[in-house]
Amino acid sequence: MRSYLIAGNWKMNLGPSAAGTLIRSVRQGLDGLNLERVTVLVCPPFVSIAEAVFEAEDSALLVGAQNVHEKAEGAYTGEISAPMLADCGVSHAIVGHSERRQYFGETDAVIGSKAQALLASGLTPIICVGETIDERRAGREQDVVRTQLQGCLAGIDAEAAQNVVIAYEPVWAIGTGETATPQQAQDMHAFIRAELAALYSQPVATGMPILYGGSMKPDNAEELLACPDVDGGLIGGASLKADAFLNIVKTAVSQAS
Ligand code: PGA
């Protein structure tokens with residue numbers, strides 16, 4: 001029996017009013033679905049989190065964040081800490097998204113510190129890894145992803161790793177409409193699983209969800225979620241429309257049963 005995590009990454013979209021509207025629709029669509037083996041999460045911008053948590057109350061829908069600062073508090077103007085997110089009712093946070101690596105210069109070491117800060121507050125980090133198109137063309141995709149995994153997970157022991165989610169997001173597939181083929185996704189997910197087993201142990205690696213992200217949509221979700229090492233999706237564009245997001249959730253529900 002498979003379990004899935006279907007996570008929406010709203011990126012810099014939807015302020016509190018629009019967030020409330022979307023959450024109400026998603027919540028309604030989840031009614032009556034068998035979510036025993038499917039976890040559904042949305043990650044709004046920080047300013048919409050409180051509204052999202054309010055609208056999702058007493059439903060199966062979880063709310064996450066898209067980033068966090070590695071320190072718990074202090075003179076870091078404009079930043080948000082893991083204890084603050086926990087206080088808001090957040091369960092997960094994305095760290096190391098390629099857009100943060102690219103536009104905000106986040107390194108594996110910083111991403112690892114952010115993941116540790118989340119774990120210390122009882123939150124689940126979703127650590128993103130993935131190669132650029134040039135790296136793939138050069139045949140370096142496995143080396144790149146191995147380096148990212150080792151760097152991000154260096155300070156996380158086997159016990160803590162059981163609360164970590166990995167998201168494989170090939171940079172060339174994010175927001176481009178171009179998706180990894182199921183074979184490309186499965187090959188990389190199996191490679192990531194083997195790397196996690198080498199870092200920790202096979203049982204720990206088996207228990208760590210590995211999500212696929214990069215233009216996942218209703219019409220390709222089925223073949224991607226059918227891959228044995230794909231444990232869910234991190235969905236950008238298609239998570240901004242209730243119907244599209246719910247269709248992906250329903251695909252996971254039918255594959256989990
Ligand atoms: P996309 O984004 O689904 O719009 O490609 C995925 C992501 O960046 O998390």
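Contact is taken here to mean heavy atoms within 4.5 Å. The structure under consideration is a predicted model, and two sites are described in turn: the surroundings of D229 and the shell around the ligand.

D229 is placed in the loop that runs between helix α11 (218-225) and strand β8 (232-235). Once neighbours within four places in sequence are left aside, the residues in contact with D229 are Q186, H189, A190, R193 and I210. One of these, R193, is also joined to D229 through the side chains of both residues, by a polar contact of 3.0 Å. The relative accessible area of D229 is 16%, and the residue is therefore classed as buried, the cut-off for that class being under 20%.

The ligand is surrounded by 13 residues, of which K11, H97, E169, G175 and S215 come nearest. By residue class, this shell comprises seven polar, four nonpolar and two charged members. Polar atoms of the protein approach oxygen atoms of the ligand at several points. In the case of H97, a polar side-chain atom is found 2.6 Å from an oxygen atom of the ligand. For E169, the separation between an N or O atom of the side chain and a ligand oxygen atom is 2.7 Å. G236 contributes through its backbone, a polar atom of which lies 2.9 Å from an oxygen atom of the ligand. On its own, the ligand has 280 Å² of accessible area, and 94% of this is covered by the protein.

Technical notes:
Residues numbered from 1 in each chain as written. Predicted model: local features only at pLDDT ≥ 70, side-chain atom pairs only at ≥ 80, totals over all residues. Heavy atoms only, no water. Near = heavy atom within 4 Å. Polar contact = N/O pair within 3.5 Å; in protein donor to acceptor, adjacent residues only side chain to side chain. Areas by Shrake-Rupley, 256 points an atom, 1.4 Å probe, with all protein chains shown as cover. Nonpolar A, V, L, I, M, F, W, Y, C, P; charged D, E, K, R; others polar. Helix = DSSP H or I, 4+ residues; strand = E, 2+ residues; numbered from the N terminus. Buried < 20%, exposed > 50% of the residue type's maximum accessible area, 1.4 Å probe, protein only.
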